[in-house]
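Colleague: Can you walk me through the salt bridges in this one? I'd like to know where the partners sit and how exposed they are.

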Amino acid sequence: MAKSIYNCQDSFMKLMVVSPMPNAAFTVNDSDQCINAQSFNFNNASSIQAGTLNQHLWLLNGQVLALWNVNNYKFNQIGLLPIRLIETSDSLCSDTAYSNVTIYPKPKADFSINDTAQCLTGNLFVLRSTATDWNGISKHLWWVDNALSSVDSVWTKSFTQTGWHTFKYVSTSNTLCNDTIQKLVRVKPMPNAQFNTLKPYYCNNEPPALLTPVVPGGLFTGINVQGNYLYPKQLFEDTVTYTITIDNCTSFSKQGTMIYPFPVVQLGKDTTLCQTESIILKAKNWNSSYFWQDGNTNETYEARKPGV
C-alpha cells in the first residue's frame, strides 16, 4: 500500500511462493584408498521436501559429472582431495554437500638377490627386501613358483632341481597399500665328471691306458697321469681325478687303482748235476703266483733231472 502527501492511497497484492531447499548429501564406500587399488563409489543421498531434484553435479578431481551416482571412479593424484555434490531443484534452488577423500601412494616393492644364477650343488639364494614407502613397510609376502613361502624381510631358498624359478614379492605399507615385483633366477646343472672305468690294478710294464670322459674339456690328475693317459709306472696306489667346469659350475669324480711291479723270474745259469743230485730253483716275486711245468704252484721247484 502506498500513500501520497495528499493522503491518497493505493494498494497492490502479489502471491509469493517460498520453495524448499534441497538437502544435498552423499556417501562413499571407502574414503581412504590406495592409488593403485582404488574404486570409489559415490552414492547420492540427497532429498527435498517438495518438488524434484532436477540436476546433480559432481565436482571430482577437476571434472564435472552430471550423474545421480558415480561408480568405480579413479583419481589420478594422491593426497587429500575435495568432493562436492551440487543438487538443484525444479524451482532452481540449490544446495552443496562437501567431503574429502584420501589417496595414498603405493609403496615401491623391490628386493636384492645375492646371485641370480647359481650351480645346483650348494645353491643358496639370499633375498632381502629393499621396499620403501613414505609411511613405512608393515608386511612382506614371498612366493616361489606361485607357492607362498615366507613372510620375513630377509630369507633364503635352495632348490633341488635345475632350471628357471620365479620369486614374487609383495610389500604392504602401513597405510595397507600393496606393490608387487617378481624376478627370475636360474639353477644351473652340474657337468657330468664321470669317465671310463679303470681296472683295479695295472702292471708297470703295460702300455698307457686312455682316459675317456663322458664330457670332454676337463682335466685329469694323478701320480701316473699325463694328459688323457694313465702311464702305469710309479708303483702301488694311485687316484685318478677328473675335474670339469662348464658355465662356472665345477664337478669332479675319482677312481682308485693299483700299479704293481711286473714279475721277473731269474733261475740262474745252467747247472750240471750228478745223477743222484738235485737243485732248488727259487722264483720268488712280490705278490705273485707260480706255475711250474709239473703243475706245482709253490715259489720253489726241486729239479732232479735235466731239461727243466
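Modeller: Let's fix the terms: buried means under 20% relative accessible area, exposed means over 50%, and partly exposed is in between, using a 1.4 Å probe and protein chains only. This is a predicted model, so local features need pLDDT of at least 70 and side-chain atom pairs count only at pLDDT 80 or more, while totals for chains, interfaces and linings use all residues. Residues are numbered from 1 along each chain as its sequence is written, and side-chain values use heavy atoms, with hydrogens and water left out.

Colleague: How many salt bridges does a search of the whole structure find?

Modeller: A pair counts when a side-chain nitrogen of Lys or Arg is within 4 Å of a carboxyl oxygen of Asp or Glu. In general, side chains of opposite charge can pair when their charged atoms come close. Searching the whole structure on that basis gives four.

Colleague: Which residue meets Lys106 in a salt bridge, and is that partner buried or exposed?

Modeller: The N to O distance is 3.5 Å, and the partner is Asp179. Lys106 lies in the loop between strand E10 (94–104) and strand E11 (111–113) and Asp179 in strand E18, so the pair ties together parts 73 residues apart in sequence; strands are DSSP runs of at least two residues, numbered from the N terminus. Lys106 is partly exposed at 42% relative accessible area. Asp179, at 12%, is buried.

Colleague: What is the relative accessible area of Asp110, which pairs with Lys183?

Modeller: The side chains of Asp110 and Lys183 form a salt bridge at 3.3 Å, N to O. Asp110 sits in the loop between E10 and E11 and Lys183 in strand E18, with their positions 73 residues apart in sequence. Lys183 is partly exposed at 27%. Asp110 is partly exposed too, because its relative accessible area is 26%.

Colleague: Where is the partner of Arg186?

Modeller: Arg186 and Asp247 meet through their side chains at 3.0 Å, N to O. Arg186 counts as partly exposed at 27% relative accessibility, and Asp247 counts as partly exposed at 41%. The two are 61 residues apart, with Arg186 in strand E18 and Asp247 in the loop between strand E24 (236–246) and strand E25 (249–260).

Colleague: What is the C-alpha to C-alpha distance from Leu184 to Thr166?

Modeller: Leu184 belongs to strand E18 (residues 178–188). Leaving aside neighbours within four places in sequence, Leu184 is in contact (heavy atoms within 4.5 Å) with Thr116, Trp164, His165 and Thr166. Leu184 and Thr166 are 18 residues apart in sequence, and their C-alpha atoms are separated by 4.7 Å.

Note on methods: Helix = DSSP H or I, 4+ residues; strand = E, 2+ residues; numbered from the N terminus.
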